[in-house]
Amino acid sequence: MAIEFARHIQRIPSYPVASGYDLGSDVAMLASNESPFGPLPQVVEAAHTAAAKANRYPDPSYSTLRKALSARYDLPSSRIALGHGSCDILLAAGRALLEPGAEVVYAWPSFSEYPHLAPAAGARAVEVPLDESDRHDLDAMATEVTVATRLVLVCNPNNPTSTALPLDEVEAFLQKVPRHVCVILDEAYCEFALTLGDPFASVELLNRWPNLVVLRTFSKVYGLAGLRVGYALCGSAEFGTAVDQVRQPFYLTSAAQAAATEALKHQDAVEDRVTRTIAARLGLEDGVRGLGLWLADSEANFVWIRLPDADEPAEAEAAIVESLKQHGVLVRAGASLGRPGALRVTVGTPDENERFVHALAHAL
Ligand SMILES: Cc1ncc(COP(=O)(O)O)c(C=O)c1O
């Protein structure tokens, strides 16, 4: 007899995991918006040193990393939440804020983890279509906020479409949302977004909006996706307390805490990597435009490409993705991200990007 699971499990979508991790080293991994740069040697060393003491549990108050983030963003430690990747904080926010009868509002297509939150809590998801430029339609989102809304997610820059909204538009939106509704501004890619200014600009908003949570990650610009560290800068301390109440105490390993703390000390290297990534993105965009294809205005470390019209967009796109894979290039099909007829491609090294453009020309 089969195991009987909770009924809500049937409504939770499976995360569209990237494949190809078993294909060996001669593959351009452009499917998961990771950094093409490995962690700095000092960061690897810090993780290594911490791993040598792995007989002890990790510091459950995460004090060193918390202090480092507190100093960097000039926020009290109590207003910083940490997580096993920022996904962990998102899922915990869903558990802490949502319940049957409650609603979460977010744009669609957006980050694939968002659709997990409502069904996991028996709540209702309100998905608001992006506008015609593949940006969040904040006016439309504001009209969907009701007495039932507990949580609003704004992904800026948006994954998968790479577009960003200026912060004054975000603040105008915050003015329309009641103060008891938590707004998570998911800024996983903010460091690549020229429209957003520096990574401190949105942190300013926290002083005016206690219901705001700015969600960040070490997975992208810091190149630590494999160690799983995310953080949230919060308008008020209640958010961190609530997300900690619904999780196990040890969500960050000692190695992850040490690596993230060390990574924060090397901002010059981070800025250099951002500059190189943006330069590589411009080259990638030129190559794709050269094939006559339309791209969204990217403000991230990935691009969003519309494929030529086809009678069966999902099938045509799947054939292209398979052809790219045969050429050793892994990208994401739009169908798996909520919009068939598109590709999401991570900016890799200049060589990888060139390889992608050649393979795409062949596939088309
Ligand atoms: C918009 C967005 N938010 C959050 C995350 C989660 O990142 P992590 O859990 O690795 O911190 C991602 C990862 O792709 C993302 O694209």
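**A walk through the sheet and its surroundings**

Strand E3, residues 103–108, is largely enclosed by the rest of the structure, because five of its six residues are buried. The model described here is a predicted one. From E3 the chain passes through helix H4, residues 114–121, and arrives at E4; this β-α-β crossover is right-handed. E3 and E4 run parallel and are joined by six bridges. Within this pairing, tyrosine 106 has glutamate 127 of E4 as its bridge partner.

E3 also pairs with E5: the two run parallel, with four bridges between them. Here valine 105 stands opposite valine 152 in E5. In a regular strand, side chains alternate between the two faces of the sheet.

E5, residues 149–155, is joined in turn to strand E6, residues 182–186, by five bridges, and these two strands run parallel. One bridge partner pair here is valine 154 and leucine 185, the latter in E6.

These strands belong to an open sheet of seven, in the order E2-E8-E7-E6-E5-E3-E4, and the pairing in the sheet is mixed. At its edges stand E2 (80–83) and E4 (124–129); each has a single partner strand, so one side of each is left without a neighbour in the sheet. On average, and with direction ignored, neighbouring strands of the sheet are turned by 20° against each other.

At the E2 end of the order, a helix comes into the picture. Helix H2, residues 63–73, lies across E2 and strand E8 (230–234), and runs at about 135° to E2.

The ligand has its own set of neighbours. It is surrounded by 13 residues, of which Gly85, Ser86, Cys87, Thr217 and Ser219 are the closest. By type, the shell around the ligand divides into seven polar residues, five nonpolar and one charged.

A last stop is leucine 167, which is found in helix H6, residues 167–176. Leucine 167 counts as partly exposed because it has 19 C-beta neighbours inside 10 Å, whereas a residue is buried at 20 or more. Apart from its neighbours within four places in sequence, leucine 167 is in contact with Leu196, Ala201, Ser202 and Leu205. Leucine 205 lies 38 residues from leucine 167 along the chain, and the C-alpha atoms of the two are separated by 8.9 Å.

Terms used:
Residues numbered from 1 in each chain as written. Predicted model: local features only at pLDDT ≥ 70, side-chain atom pairs only at ≥ 80, totals over all residues. Pairing = 2+ DSSP bridges. Axes fitted to C-alpha atoms, helices over the stretch in contact; angles between N-to-C directions. Contact = placed C-beta atoms within 7 Å. Near = placed C-beta within 6 Å. Nonpolar A, V, L, I, M, F, W, Y, C, P; charged D, E, K, R; others polar. Buried ≥ 20, exposed ≤ 12 C-beta atoms within 10 Å, placed from the backbone. Right-handed = clockwise from strand over helix to strand, strands pointing away.
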